[in-house]
Amino acid sequence: PYYNLTKLFSKEEVISETASWIFRVAPFVVLSSTITAAILVLIGLFNNSIYQMGDFIALIFIFALGRFFLSLAALDTGSSFGGMGSSREMFISSLVEPAMFMVVFAISLQFGSTNISAFGSLHTVSASAIVAAVALFLVVIAETSRIPVDNQETHLELTMIHEAMVLEYSGRSLALIELASYIKQ
């Protein structure tokens, strides 16, 4: 893709000419989905019946929405790194999301609900809860793109997942995506 050189020295961000509205909207969707997930968890921590609207299945969907838009935006630019990173991210999410659902369903069998506030009343620890906790720990590592799954500090083409998807971003858009990553962490 060719870039307009007059925009290179202006205050506007330089983006690919093949990028559509998805590329511009994706950082806001990623940040808003991460903030919504954080608020949902905070509301779910209250045991008051008024605030029982935090559900783990909704939480998984909200995280998947942000990941989906970021992958679409990476594909939208037409760069080979973006396509490679988004395909790797979707492969990892196809492994992580079913594991996350299995963890939620295994724990919800003990409590009879997938509500986040119901999980706070754990008084006994069973073997299934320990296995689910270990699986959830591995899911969190993959969800936040950390070292065994992805190395955020690398710039090597063969090991990039998250960095390849945000390679085309700069300025405020990159700051929004990095802020969402920090909130998720």
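**Exercise 1. Contact range and overall composition**

Determine what share of the contacts with a separation of 6 or more comes from residues 24 or more positions apart.

*Solution.* In this predicted model, residues 24 or more positions apart supply 64% of the contacts in the protein that have a separation of 6 or more. The secondary structure to set beside this value consists of seven helices and zero strands, giving the pattern α-α-α-α-α-α-α along the sequence. Of the 185 residues, 39% count as buried. The accessible surface amounts to about 10,800 Å², and carbon and sulfur atoms account for 70% of that surface.

**Exercise 2. The nonpolar cores**

Identify which helix gives the largest share of the largest nonpolar core.

*Solution.* Begin with the membership: the largest nonpolar core has 16 residues, and F23, A26, L70, A73, V166, Y169 and I177 touch the most other members. Next, assign the core to helices: α2 (21-44), α3 (56-76) and α7 (171-184) each contribute at least two residues. The largest share, five residues, is that of α2. To follow one member, take A73: leaving aside residues up to four places away in sequence, A73 touches I22, F23, A26 and Y169. Another core lies apart from this one; it has eight residues, including M100, V104, A142 and I161.

**Exercise 3. The environment of S71**

Decide whether S71 is buried or exposed, and name the residues that S71 touches.

*Solution.* First, locate the residue: S71 belongs to helix α3. Second, apply the cut-off: S71 has a relative accessible area of 4%, and buried means under 20%. S71 is therefore buried. Third, list its partners: with residues up to four places away in sequence not counted, S71 touches S86, E89, M90 and M165.

**Exercise 4. The span of helix α4**

Compare the expected span of helix α4 with the distance between its end C-alpha atoms.

*Solution.* Helix α4 covers residues 80-111, which is 32 residues. The expected span is 1.5 Å times one less than the number of residues, so α4 should span 46 Å. Its end C-alpha atoms are 46 Å apart, in agreement with the expectation. After α4 comes G112, which has a positive phi, near 80°.

**Exercise 5. A nonpolar surface patch**

State which residues form the nonpolar patch on the surface, and classify L138 as buried or exposed.

*Solution.* The patch consists of V125, I130, V134, F137 and L138, which together have about 520 Å² of accessible area. Among them, L138 is placed in helix α5 (residues 127-143). The relative accessibility of L138 is 53%, and exposed means over 50%. L138 therefore counts as exposed.

Key
Residues numbered from 1 in each chain as written. Predicted model: local features only at pLDDT ≥ 70, side-chain atom pairs only at ≥ 80, totals over all residues. Heavy atoms only, no water. Patch = residues over 30% accessible without salt bridge, like charges linked within 9 Å, V, L, I, M, F, W, Y side chains within 5 Å. Areas by Shrake-Rupley, 256 points an atom, 1.4 Å probe, with all protein chains shown as cover. Salt bridge = Lys/Arg side-chain N within 4 Å of Asp/Glu carboxyl O. Helix = DSSP H or I, 4+ residues; strand = E, 2+ residues; numbered from the N terminus. Buried < 20%, exposed > 50% of the residue type's maximum accessible area, 1.4 Å probe, protein only. Contact = heavy atoms within 4.5 Å. Core = buried A, V, L, I, M, F, W, Y, C linked by side-chain atoms within 4.5 Å.
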